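Welcome to this guided tour. Please open the structure in your viewer and keep the selection tool at hand.

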Amino acid sequence: MKLTMKVNGREVTGEVEGRTLLVDFLRSDLRLTGTHVGCDTSQCGACTVHVNGELVKSCTMFAAEADGAEVATIEGAAAEDGTLSAIQQAFQDHHGLQCGYCTPGMVMTAASLLKENPKPTEHEVRQYLEGNICRCTGYHNIVKAIMAASGQEMPAMAAE
Amino acid sequence: MPKDSGIGASSKRREDIRFLTGTGKYTDDINIHGQLYVHFLRADVAHAKLNGVDTAEAAAMPGVVRIFTGADFEAVGSIPCGWQITDRHGQPMQEPRHPVLAHGKIRHVGEPVAAVVAETRAQARDAAEAIVLDYDELPAVVDMKAAVAEGATKVHDELTSNLCYDWGFVEENKAATDAAFAAAAHVTTLELVNNRLVANPMEPRVAVGEYDRADDMHTLHTTSQNPHVIRLLMGAFVLGIPEHKLRVVAPDVGGGFGTKIFHYQEEAFCTFAAKALNRPVKWTSTRSEAFMSDAHGRDHVSKIQLALDADNNFTAIRTETYANMGAYLSTFAPSVPTWLHGTLMAGNYKTPLVYVNVKAVFTNTVPVDAYRGAGRPEATYQLERVIDMAARELGVDPVALRRQNYITQFPYATPVAVEYDTGDYNATMDKLTEIADFAGFEARRKESEARGKLRGLGVNSYIEACGIAPSNLVGQLGARAGLYDAATVRVNATGSISVMVGAHSHGQGHETSFPQVISEMIGIPEDQIDIVHGDTSKIPFGMGTYGSRSLAVCGSAMVRAAEKVINKAKRIAAHLLEASEGDIELKDGTFSVAGTDKSVAWGDVTLAAYVPHNYPLTDIEPGLEETAFYDPANFTYPAGAYACEVELDPETGHVKIERFSAADDFGNVINPMIVSGQVHGGIAQGIGQALLENCAYDADGQLISASYMDYAMPRADDLPFYSVDHSCQTPCTHNPLGVKGCGEAGAIGSPPSVVNAVIDAIQSGGMNVAHIDMPLTPHRVWAAMHAARTDAA
């Protein structure tokens with residue numbers, strides 16, 4: 001079937017099978033390979049994107065379901081001139097990533113969190129990240145980066 | 001004042017930009033024109049006689065190009081094992097053939113039996129469902145002790161039994177160790193399980209094979225920690241491809257943790273099939289496949305005994321371990337429970353006698369190999385649990401008991417074949433006491449108790465052997481290859497530098513930290529230096545990244561190559577400055593003549609090397625590029641002290657980590673920010689092992705924890721902020737940077753303190769629970785408390 005959607009502000013069209021997942025459409029058809037696949041049970045969150053402003057694991061949605069939707073992926077997070085968003089910059093400043101594989105999903109999730117809750121507590125950040133698995137960082141610097149991006153003071157334990 | 005560049009600076013990671021903007025290049029992001037996709041049909045039973053594979057219907061399905069079975073690989077070599085262990089009786093280990101695709105027999109759930117190559121991934125998957133396997137199921141061998149019992153079903157018919165080896169270390173110490181136990185004032189005995197884990201890097205494995213018929217060139221793009229190792233193993237032992245006709249590329253790799261060291265069948269398959277079909281062949285693992293095909297970790301069942309004299313000095317340690325090898329020997333598997341485990345059994349303590357016995361066992365399970373720490377977490381866990389138990393039995397403070405027995409004089413030759421070059425275990429324990437706020441613990445415990453909760457504090461020390469490895473030594477121990485590393489420092493004409501390194505970065509941040517070293521040595525900005533890694537066609541050689549070796553071994557090679565470059569540049573500078581070479585000094589990117597104001601900039605010297613208009617051509621070859629190989633003289637020995645503080649709900653058995661503190665001695669530190677990050681990640685994996693993760697098989701050999709729905713990965717809300725410190729530094733004495741390695745410490749050092757803390761919490765509630773096996777799930781903890789309450793009643 002044919003579909004049309006707006007991805008990172010740009011209108012795209014494609015032809016997919018009914019069973020094609022949104023993540024496969026993004027990665028294979030649009031070559032937007034920043035969105036990753038880390039599992040097949042919608043647990044890891046590496047494929048997290050925004051669809052019509054909502055946080056979505058793009059492995060749990062058929063591409064066809066996003067027909068006509070506005071989709072935002074990690075490739076659209078920075079400014080046109082390459083300037084990182086405040087969240088992206090905080091991840092670099094606070095070493096919130098290592099291998100980088102879960103990172104796009106983390107950044108998209110963090111953006112959604114701060115939109116809903118601009119000054120989250122540490123507990124709220126950790127709860128919100130429940131659907132995103134990172135195997136490298138132990139989450140310490142991810143939580144720290146998100147809190148920093150929200151403009152809050154660090155808890156004493158996060159100082160290191 | 002913290003530095004802002006060079007050695008010791010927390011330079012921000014340059015690789016972050018591509019990862020944060022979605023422009024990293026991972027193996028699955030590689031798509032080659034005309035590529036085909038392979039789907040592996042994997043065994044769904046653990047053990048069976050495979051009579052036939054009927055592919056007729058599947059082969060006729062849309063898009064199918066070819067279906068391969070085990071018969072297609074009869075002329076192909078076995079997936080090789082890189083280590084050979086010699087047993088207690090001087091005999092080599094039993095080493096079975098490891099086929100690319102199962103042939104004649106299925107030996108574990110997940111073993112690839114057939115491979116469907118098709119035009120699309122979906123077509124390959126659809127066709128695989130139409131393949132019919134004809135097999136007769138055999139009893140599955142799952143439990144290790146049952147596997148080596150008389151009359152057990154054999155995993156490999158051609159072997160004499162399921163025992164891979166029975167290893168004694170040091171065998172000559174056995175009689176004396178037994179005598180020390182007979183004479184001991186106190187003996188503590190603990191039986192424990194080091195639970196089977198799955199490494200679970202977030203990027204599943206991927207392989208893309210490519211073949212260029214015109215020049216007979218094979219290329220494999222793969223998710224590897226060590227592309228040269230794959231080239232060597234696959235080229236020389238499996239497919240018979242000479243190294244100059246085989247390029248292995250490991251681009252951005254999404255985490256490894258050990259499981260991407262090994263050479264896997266899927267890599268050999270894609271390389272083989274690309275040539276057979278003359279088209280690129282791509283395989284992308286699903287997470288479900290990863291659970292049943294990535295080598296697993298740990299899985300030891302051990303009994304450890306600690307002998308003490310009347311003054312609580314440790315006099316001897318004796319252990320017996322059953323180590324699961326799984327169905328086949330993975331690349332490093334035999335070395336993990338032996339040379340990476342037995343050699344660390346002395347720990348941080350001056351115990352004069354140690355005897356380690358390890359029985360490695362074949363079972364109908366996924367192969368088991370190195371996972372972050374590899375053998376050293378298993379040693380540390382046994383030792384640090386038995387010491388805690390001994391302290392409890394003797395009624396002494398567990399920290400004081402450790403301090404009393406610490407090694408304090410260096411170098412120290414242990415009774416298990418290694419020599420610690422340097423360390424200060426009291427210093428890290430002192431630092432831990434401070435950062436973990438031991439002094440405030442009793443008040444925190446009272447506060448918890450006031451809320452009906454129990455609070456426990458667990459402490460342990462650890463030591464590891466890193467910087468793997470001195471080639472001569474490991475060769476004597478059974479390694480079939482040297483474990484040195486290499487680097488090339490290529491200075492460009494205008495002074496910028498590309499460094500080609502054998503280490504592979506898949507999260508460790510080498511692209512940032514390695515240039516810090518070169519910047520410090522030459523005095524030019526870090527951004528003038530780039531690191532090239534992960535491609536056998538671009539780098540001279542390298543054994544890759546594992547065993548916390550990158551900086552200690554490959555970094556040392558890089559320093560040696562840079563020293564050669566500097567020495568040559570000084571000779572060129574001497575010519576340009578018309579001075580004697582011995583008078584030339586290099587500082588802040590400028591060569592000067594000692595005691596004069598004559599100087600020449602780094603860039604002018606490098607330009608002269610490439611544009612030799614004014615150049616001593618008869619004395620010095622033009623150009624400025626040097627390669628060095630570095631073979632370490634010894635292992636490095638990072639060590640430290642860890643503390644975990646838990647709050648336990650006595651009603652439910654739920655354990656919450658309230659505080660976790662780590663004081664490490666990594667020797668000199670290049671980038672403190674990156675080092676802290678490595679420790680954080682290791683701690684999370686250690687806490688995961690202690691509380692959450694468990695790779696479980698049922699009695700039929702079915703893997704029952706094969707997804708993130710069943711295998712509990714640590715998540716953000718399971719973990720606290722950690723307090724980590726690496727200010728205690730006793731530099732390594734035998735490598736040029738004085739570095740020890742930091743990648744595995746967190747995973748090695750953390751499980752015992754978590755378990756020690758939970759036992760402490762339970763005991764504080766008046767329940768006599770001496771031990772609970774990991775993972776300490778609420779159910780296990782509750783059951784142990786319930787049994788203790790029932791016993792007491």
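Helices and strands here are DSSP runs, at least four residues long for a helix and at least two for a strand, and they are numbered from the N terminus. Keep in mind throughout that this is a predicted model.

**Stop 1: chain A**

Select chain A and show it as a cartoon. You should find five helices and five strands. Starting at the N terminus, their order is β-β-α-β-β-β-α-α-α-α. The radius of gyration is 16 Å, close to the 15 Å that the globule rule gives for 160 residues, so chain A is as compact as a globular protein of that length. Turn the chain around: its C-alpha atoms fill a box of roughly 55 × 35 × 25 Å along the principal axes. Of its 160 residues, 54% count as buried. Among contacts between residues at least 6 apart in the sequence of chain A, 59% link residues at least 24 apart.

**Stop 2: chain B**

Now switch to chain B, which has 19 helices and 30 strands. Its C-alpha trace spans about 95 × 75 × 55 Å along the principal axes. How does its radius of gyration fit a compact globule? For 793 residues such a globule would have a value near 28 Å, and chain B agrees with 28 Å. Buried residues make up 60% of this chain. For contacts in chain B with a separation of 6 or more, 80% are between residues 24 or more positions apart.

**Stop 3: where the chains touch**

Show both chains together. Here 43 residues of chain B are in contact with 46 residues of chain A. On chain B, colour helix H1 (16-20), helix H8 (287-293), helix H17 (672-692) and strand E30 (722-725), the elements that each give two or more residues to the side touching chain A. Which of them gives the most? That is H17(B), with eight residues. Sorted by class, this side of chain B has 17 nonpolar, 17 polar and nine charged residues.

**Stop 4: the nonpolar core**

Next, select Val38(B), Val116(B), Val361(B), Ala487(B), Val499(B), Met558(B) and Val758(B). These residues have the most contacts inside the largest nonpolar core, which has 306 residues. Helix H15 (residues 550-576) of chain B gives the most to this core, with 15 residues.

Zoom in on Val361(B). Leaving out residues up to four places away in sequence, the residues it touches include Met144(B), Ala147(B), Val148(B), Leu163(B) and Tyr322(B).

**Stop 5: two helices crossing**

Select H15(B) together with helix H16 (residues 602-610) of chain B. They pack at an angle of about 95 degrees, with their axes 9 Å apart. H15(B) and H16(B) are therefore roughly perpendicular to each other. To see the contact, show the side chains of Ala569(B), Ile572(B), Ala573(B) and Leu576(B) on H15(B), and of Val605(B), Ala608(B) and Ala609(B) on H16(B). The residues of this contact are seven nonpolar, no polar and no charged.

**Stop 6: buried or partly exposed?**

Go to Ala663(B), in strand E29 (residues 655-665) of chain B. Is Ala663(B) buried or exposed? It counts as buried because 27 C-beta neighbours lie inside 10 Å, and the cut-off for buried is 20 or more. Apart from residues up to four places away in sequence, Ala663(B) touches several others, among them Thr428(B), Leu432(B), Ala641(B) and Cys728(B).

Then pick Ser537(B), in the loop between strand E23 (529-532) and H15 of chain B. Ser537(B) has 13 other C-beta atoms within 10 Å and is partly exposed. Draw a distance from its C-alpha to that of Val249(B): the two are 288 residues apart in sequence and 8.1 Å apart in space.

**Stop 7: backbone details**

Finish with the backbone of chain B. The peptide bond from Ile468(B) to Ala469(B) is cis, with omega near 0 degrees. You will find Ala469(B) in the loop between strand E20 (454-463) and helix H13 (471-476). Another cis bond leads from Met774(B) to Pro775(B), with omega near -5 degrees. Pro775(B) is in the loop between helix H18 (745-764) and helix H19 (778-792).

For a last look, select Glu578(B), in the loop between H15 and strand E24 (584-587) of chain B. Its phi is near 50 degrees, a positive value in a residue other than glycine. Glu578(B) counts as exposed, with 8 C-beta neighbours inside 10 Å.

Technical notes: Residues numbered from 1 in each chain as written. Chains lettered and ligands numbered in written order. Predicted model: local features only at pLDDT ≥ 70, side-chain atom pairs only at ≥ 80, totals over all residues. Contact = placed C-beta atoms within 7 Å. Nonpolar A, V, L, I, M, F, W, Y, C, P; charged D, E, K, R; others polar. Core = buried A, V, L, I, M, F, W, Y, C linked by C-beta atoms within 7 Å. Buried ≥ 20, exposed ≤ 12 C-beta atoms within 10 Å, placed from the backbone. Axes fitted to C-alpha atoms, helices over the stretch in contact; angles between N-to-C directions. Parallel < 35°, antiparallel > 145°, perpendicular 65-115°, else oblique. Rg over C-alpha atoms; globule rule 2.2 N^0.38 Å.
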